[in-house]
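This briefing takes the chain as a whole and then turns to one of its sheets. Please keep the sequence and the structure in view while reading.

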Amino acid sequence: MTENISVLLDEKRVFKPSKDFVNQTNVKQWMDQHNIKTYDDLLKKAEDWKWFWGEMAKDVVEFYTPYKQVIEWNEPFAKWFTGAKYNIVHDAIDKHVTTWRKNKVAIIFEGEPGDVRKLTYNDLYIQVNKLANALKELGIKKGDRVGIYLPMIPELPIAMLACAKIGAIHSVVFSGFSATAFRDRANDCEVKLVITCDSFYRRGKKVPLKTQADDACKETPSVKNMIVYQRTGDQVNWTAGRDHWWHEITKDKPSTCPTEQLDANDNLYFLYTSGTTGKPKGIIHAHAGYAVGIAQTLKWVFDIKDQDVYWCAADIGWVTGHSYIAYAPFILGATQIIYEGAPDWPNPDRWWDIIEKYGVSVFYTSPTSVRLFMRHGEDWPKKHDLTSLRLLGSVGEPINPEAWIWYYKNIGGERCQIMDTWWQTETGHFVISPLPITPIKPGSATKPLPGMAAAVYDDKGIQVKDGGGSLVLMHPWPGMLRGIYKNPERYKETYWGRFKGVYLAGDVARVDADGYFWIQGRADDVLKISGHRIGNSEVESALVSHPLVAEAAVIGKPHEEKGESITSFVVLKKGVEPTEALKKELRDHVAKEMGKLARPDEIWFVTDVPKTRSGKIMRRVIRAKALGQEVGDTSTLANPESVDEIGKAK
Ligand code: PRX
């Protein structure tokens, strides 16, 4: 599907999709209907973004009652499709059961031990309705918060859809996060009910999720009920009156349940993500604008058609899985894969086996996973027939050209375009990304999608035409966050306070003379570990919560596979002996407090960490020193001598 294969290794070259391929794409079809000839013409036409999103809404969603205005923009607060009655579940599930898709497979689930389940749209409809009826019986109403702590099993999207159906707001917490992390998030939004499972499979072992949920709920006074799905059949502790088995509570419930006709701007979910403080922010997403944004971008970028088998290998616990597993594929009536376990379990060809077995045609993963498979070597994918693939995707962190090329050759068979999609928890959907018709430069997410606008600003807020700076978005977009839960001020300041009238993404980016964007990484104190967002200060708080730790500073170091690794400088309390055993204890402590993902790779004991006179830890200085780079101006430091000690920590 891509020409110029012989020049692959020269990353400055542009890969143009072939005409045959372009002619069959959803986006080209729309362009033909609107008499638009080229990619550039399409971008130009969509500069009238209010018109564009109105058109897109017609194409991908069905309102109960029509909207009056595409957007009401009281900067920085947006309302999309105002006046409409809407519920995302109508588009994701209800509308399909009145069409031929009723018996189309919606989910092909493969558990880590190899168990397989296929659920049709009608199966989903029934399961969602039964659970929604159970939630109602337990007193859950519109606007109530439900905490979902489930692994990658079909019951996770079913639980989310059941909440949305009755207008409840879900707050999903990644199953790899610890009990403490779950507790803090559940408390922040005062969850009334928790949905979890007994345990699940990961790398041949069982993870006791119910036990973790129980631990968390010792300190969540708002939680009144817990619904427990039986995944493994493991013994669990039971709190009578609070706990209910999923299969028991849904058994006799009706298989129909009216979908709540909500205001288009009612809240759909909160998803906590890391920022620069020790406390994650509850990002708010609402029904209608979000639905339009995610469905349209999936339809155009991954060109989803009825015959596709789509697989987004992210976890639903993160935004990628919210938007592009739990909601958008269903809105488009797609068939998708959900896989429970680890990518390289029991062997590094587990994913390639799944692609071959189910004939996956569109596959979406992260650069970290690509690098993991690169390390295992190309013999593993070679064992499998991957010719069903026609499009590939990448998300979460910059993809280095070396990984891009490996992915392109060994997985895509030099046929498949790679959609490098830049977006965030906050944006809700892809913002900067190629379409299948876009000429691609490996390592660049290319240009803002139609109906969206981005730019690079220098420190003074002047737009940079060919160079680097801060990435900003120039106008609202349908899936944008509606705020930070309980913190509108932080929303205003963080995203809309730095430069007038534009959204600050928090990334450093470069734009080239062709208007292509090259995302370089976070500009703020947020780490990207295997594409997952973790705040430096969250890890610091976890370290300081250990009784022997006085202070901690955390930085990210470049890491070949994970993108970044976590390095911590720890000041122990007076008289505490700095031992190797204590280092291990501290690493385990962070894993227990936050989840294994946040376990520091390195811990160094120091007597002091560089700080300003006002006590702010100077991570910029620490990072430069630890990486052997130029430290720059240290005149604002209260304790410049501490910098040398950082340099010795090798
Ligand atoms: O730094 C950017 C990086 O991931 C951040 C958003 O993280 P999160 O909210 O967890 O969402 C991840 C999945 C959408 C961004 O600020 N990022 C995301 N996609 C890319 C990327 N960096 C480079 N290229 C990408 N394609």
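Two residues are in contact when heavy atoms of theirs lie within 4.5 Å. In this predicted model, among the contacts of the protein chain that link residues at least 6 apart in sequence, 70% join residues at least 24 apart.

**The chain as a whole**
- The secondary structure of the protein chain amounts to 21 helices and 31 strands.
- A compact globule of 650 residues would be expected to have a radius of gyration near 26 Å, and the 24 Å computed for the protein chain agrees with that.
- Taken along the principal axes, the box filled by the C-alpha atoms is roughly 70 × 65 × 55 Å.
- Of the 650 residues in the protein chain, 63% are buried, while the chain exposes about 24,800 Å², of which carbon and sulfur atoms supply 49%.

**The sheet of strands 29, 30 and 31**
- These three strands make an open sheet in the order 29-30-31, with mixed pairing.
- Strand 29 (549–559) and strand 31 (602–605) are the edge strands, and each has a single partner strand, so one side of each is left without a neighbour in the sheet.
- From one strand to the next, the twist averages 25 degrees.
- Strand 30 (residues 563–572) pairs with strand 31 in the parallel sense over four bridges, and valine 570 has phenylalanine 605, in strand 31, as its bridge partner.

**The helix across the sheet**
- Helix 20 (residues 619–626) lies across strand 29 and strand 30, and its direction makes an angle of about 55 degrees with strand 29.

Key
Residues numbered from 1 in each chain as written. Predicted model: local features only at pLDDT ≥ 70, side-chain atom pairs only at ≥ 80, totals over all residues. Heavy atoms only, no water. Pairing = 2+ DSSP bridges. Helix = DSSP H or I, 4+ residues; strand = E, 2+ residues; numbered from the N terminus. Axes fitted to C-alpha atoms, helices over the stretch in contact; angles between N-to-C directions. Rg over C-alpha atoms; globule rule 2.2 N^0.38 Å. Buried < 20%, exposed > 50% of the residue type's maximum accessible area, 1.4 Å probe, protein only. Areas by Shrake-Rupley, 256 points an atom, 1.4 Å probe, with all protein chains shown as cover.
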